[in-house]
Amino acid sequence: MTAEPTAADPAKTSLWRDRNFTTFWAGQALGQFGAQLGQLAFPVLAVTLLHASEFEVGVLNAAGLAAFLAVGLPAGAWVDRWLKRRTMITADLLRMAAMAVVPLLWWSGSLEIWHLYAVAAIVGTATVFFDVAYQSYVPVLVPSPHVREANSKLEATAQIARIGGPAAGGGLLAVVSAPVLFVGEAAGYLLSAVFLARTRDWEVRVPAAARRPLPVEIGEGLSFVVRHPLISRIAACTGGMNFSGMLIYTLMPVLVLRNLGLGPQGMGLIMTVGAVGGLLGAVMAPRVAARIGEGTAIPVCAVVSSVFLLLIPLAGMVSKPAASLVLLLVSELGFGFSVLVYNVLQLTMRQRVCPPRLLGRMNASIRFAVWGVMPLAALASGYLGEQLGLVPTMMIGAAGSLLATAPVLFSPLRTMRTLPDEVLPDEVREDELLEDEAPEEGAAGGRG
């Protein structure tokens with residue numbers, strides 16, 4: 001199930017001339033912009049209007065992420081059986097409907113915190129299916145030589161949306177109430193669905209006769225992730241860093257809005273600067289990879305991002321709000337850049353080395369491992385925030401993130417100039433990958 005060639009040599013056809021990719025790309029850009037309004041609206045509504053406690057903020061974050069733990073694994077097997085574009089359209093429409101409920105409840109005077117929990121859970125469940133299908137769709141939509149370019153363009157556009165979305169949201173909150181921003185997010189999901197409906201691909205549904213029992217198919221995806229000598233290490237690192245980062249980011253709205261008193265505009269500015277860093281990272285990922293090596297960039301960026309996280313608890317220890325804001329802006333800029341370089345490179349490798357029939361299950365297995373820990377971390381963050389305080393909890397998160405880099409820091413990735421671009425045989429071991437590394441020839445464990 002690959003992209004249908006549209007030219008004599010698809011490897012030389014520019015993605016700018018690929019109508020299906022540009023339609024998909026435009027829809028995701030609009031959808032991402034709308035989604036960013038909601039990313040700001042949720043914490044502002046909970047902290048400033050509903051006066052949520054630290055633990056309630058933790059529960060809210062956990063509700064939005066719980067589906068990755070609850071249905072993450074079967075979602076991959078189901079997505080591999082379904083048509084990915086249709087799955088994404090359905091998920092977008094469900095998210096649109098859920099987000100539209102919030103302003104209706106607010107204007108009727110009946111909105112309570114548990115309503116936000118329910119909406120977050122519904123949106124999170126739909127997002128599980130959307131994300132698994134989305135990450136598995138690029139190799140279906142574009143030829144293999146363009147997968148990294150497509151990922152870089154999609155991530156760059158997503159970061160542009162994350163720049164404009166929070167900035168626009170922060171400005172709007174000066175004249176409208178937070179629930180109005182949920183209308184913008186609902187509109188973003190609707191536009192994403194419309195553009196997806198206009199996208200065309202040549203994916204064929206897996207015949208029912210070719211399917212096996214669901215547990216067997218789930219096991220195939222897990223087995224691929226666990227047995228792959230590089231992906232398994234990336235999953236371990238990312239899972240550890242996500243758990244630690246969630247200890248910090250769950251409490252960040254409380255720190256910014258309540259403790260530092262920077263207001264929704266300050267929160268929007270911080271999110272915007274983080275997105276600027278992410279945009280730079282998405283655009284510069286190929287150059288960083290060419291400069292220091294595709295494999296080497298992964299552990300380097302993991303360590304660098306963890307160092308920038310340390311600035312967030314430090315901002316909570318500074319007495320002057322202006323100085324705290326500067327530390328938070330620097331942290332978000334550096335963190336956004338390094339994380340996006342890390343994500344573009346590791347995602348591209350996963351898509352290239354995984355057999356097409358396993359893409360959904362592989363991505364779901366990864367998401368189960370690296371996002372499934374996040375609702376647990378959100379609950380732990382809310383509890384620790386009330387028991388220990390914001391800054392100590394954030395310091396624990398920063399230290400944990402640095403420790404979580406060990407699986408990729410002490411691995412063959414550290415010296416790889418080029419990441420694999422084809423499925424590795426089962427018998428290939430980490431030491432063989434390291435022995436095969438030949439920087440002077442520009443090849444390491446992969447071909448082409």
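## A short tour, starting at a cysteine

Start by selecting cysteine 354: with a relative accessibility of 4%, this residue counts as buried, because anything under 20% falls in that class. Keep in mind as you look around that this is a predicted model.

Next, pick cysteine 237. Is this residue buried or exposed? Cysteine 237 is buried, and its relative accessible area is 0%. With two cysteines on screen, you may like to look for disulfides. How many does the structure hold? The count is zero.

Now move to helix 17, which spans residues 390–403, and highlight serine 401 within that helix. Serine 401 has 1% relative accessibility and so counts as buried. Which residues touch serine 401, once neighbours within four places in sequence are set aside? Show Met241, Ser244, Ser306 and Leu309: serine 401 is in contact with each of these.

For the last stop, turn to the surface. Select Leu104, Trp107, Val180 and Val183 together, and you will see a nonpolar surface patch of about 390 Å². Colour helix 4 (84–107) and helix 7 (178–198) to see where the patch comes from, since each of the two supplies at least two of its residues.

Finish by zooming in on valine 183, a member of that patch that sits in helix 7. At 40% relative accessibility, valine 183 counts as partly exposed, because that class lies between under 20% for buried and over 50% for exposed. Compare the view with serine 401, where you saw a buried residue at 1%.

Notes
Residues are numbered from 1 along each chain as its sequence is written. This is a predicted model: local features need pLDDT of at least 70, side-chain atom pairs count only at pLDDT 80 or more; totals for chains, interfaces and linings use all residues. Side-chain values use heavy atoms; hydrogens and water are left out. A disulfide is a pair of cysteine sulfur atoms within 2.5 Å. Buried means under 20% relative accessible area, exposed over 50%, partly exposed in between (1.4 Å probe, protein chains only). Helices (H or I, at least four residues) and strands (E, at least two) are DSSP runs, numbered from the N terminus. Contact means heavy atoms within 4.5 Å. Patches are made of residues with over 30% relative accessible area and no salt bridge: like charges are joined within 9 Å, nonpolar side chains (Val, Leu, Ile, Met, Phe, Trp, Tyr) within 5 Å. Accessible areas come from the Shrake-Rupley method with a 1.4 Å probe; for residues, only the protein chains shown count as cover. A salt bridge is a side-chain nitrogen of Lys or Arg within 4 Å of a carboxyl oxygen of Asp or Glu.
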